[in-house]
Amino acid sequence: RRADEEAATLESLHLREQVSQQSVRARDLERELRDKDSLQQEVVQDRDRIHLERERLREVAKESTLAQSGWSALADEHEVLQRELQSLELSLGDKEQTARHQKREMQRLQADK
């Protein structure tokens, strides 16, 4: 009977040790699970941030394209205005020359009278 009691005690100690080890393992697994959940939340947040940043960069690219188009249009308009200015300057020069010629002609006609 004493041997049975000792065997039962040993068995009980062995079972307690197993329960203790399993409790430690269960806590470790719970901690790992919380860590994985936390990491998964970080991954989701990072994905969201990346998505938002991509959207922002797309908007910046659109604005940049519009700005480049605007500058290109302004450069084209500047060229057109430059050509118009040159044309007006040439026309003005021709009119001034014609006016001088007409003035000399008028003076000559008056001198002939």
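# One helix and its charged side chains

Asp-76 lies in helix H1, and this residue offers a convenient way into the structure, which is a predicted model. Asp-76 is partly exposed, its relative accessible area being 44%. If one looks from Asp-76 to Glu-42, the two residues are separated by 34 residues in sequence, and their C-alpha atoms stand 50 Å apart in space.

The helix that holds Asp-76 can next be set within the chain as a whole, whose secondary structure comes to one helix and zero strands. The radius of gyration of the protein chain is 48 Å, whereas the globule rule gives 13 Å for 113 residues, and because the value for this chain is well over that figure, the chain is more spread out than a compact globule. The dimensions of the C-alpha trace can be read beside this result, since along its principal axes the trace spans about 165 × 10 × 10 Å.

How much of the protein chain is made up of buried residues? The share is 0% of the 113 residues. The area that the protein chain exposes is about 10,800 Å², and 54% of this area is supplied by carbon and sulfur atoms.

Charge is the next topic. The protein chain carries 21 positive and 26 negative side chains, and the centres of these two sets lie 5 Å apart. Side chains of opposite charge can pair when their charged atoms come close. In a search of the whole structure, eleven salt bridges are found, and a few of them can be followed along the chain.

One of these pairs brings together the side chains of Glu-5 and Arg-1, which meet in a salt bridge with a distance of 3.8 Å from N to O. Of these partners, Glu-5 is partly exposed, with a relative accessible area of 45%, while Arg-1 is exposed, with a relative accessible area of 77%, a value that passes the 50% cut-off for that class.

Further along, Asp-46 forms a salt bridge with Arg-49, and the closest N and O atoms of this pair are 2.2 Å apart. Both Asp-46 and Arg-49 belong to helix H1, which covers residues 2-112, and they sit three residues apart, or about one turn of the helix. Asp-46 is partly exposed at a relative accessible area of 35%, and Arg-49 also counts as partly exposed, with 49% relative accessibility.

Which residue forms a salt bridge with Glu-105? The partner is Arg-108, and the closest N and O atoms of the two are 2.5 Å apart. Glu-105 and Arg-108 both lie in helix H1, where a spacing of three residues places them about one turn of the helix apart. The relative accessible area of Glu-105 is 29%, which makes this residue partly exposed, and Arg-108 is likewise partly exposed, with a value of 42%. The pairing extends to a third residue, as salt bridges that share partners join Glu-105, Arg-108 and Asp-112 into one network.

Taken together, the description is of a predicted chain with one helix and zero strands, in which eleven salt bridges are found and buried residues account for 0% of the total.

Definitions and conventions. Residues are numbered from 1 along each chain as its sequence is written. This is a predicted model: local features need pLDDT of at least 70, side-chain atom pairs count only at pLDDT 80 or more; totals for chains, interfaces and linings use all residues. Side-chain values use heavy atoms; hydrogens and water are left out. Helices (H or I, at least four residues) and strands (E, at least two) are DSSP runs, numbered from the N terminus. The radius of gyration is taken over C-alpha atoms; the globule rule is 2.2 Å times the number of residues to the power 0.38. Buried means under 20% relative accessible area, exposed over 50%, partly exposed in between (1.4 Å probe, protein chains only). Accessible areas come from the Shrake-Rupley method with a 1.4 Å probe; for residues, only the protein chains shown count as cover. Lys and Arg count as positive and Asp and Glu as negative; His and the chain ends are not counted. The place of a charge is taken as NZ of Lys, CZ of Arg, CG of Asp or CD of Glu. A salt bridge is a side-chain nitrogen of Lys or Arg within 4 Å of a carboxyl oxygen of Asp or Glu.
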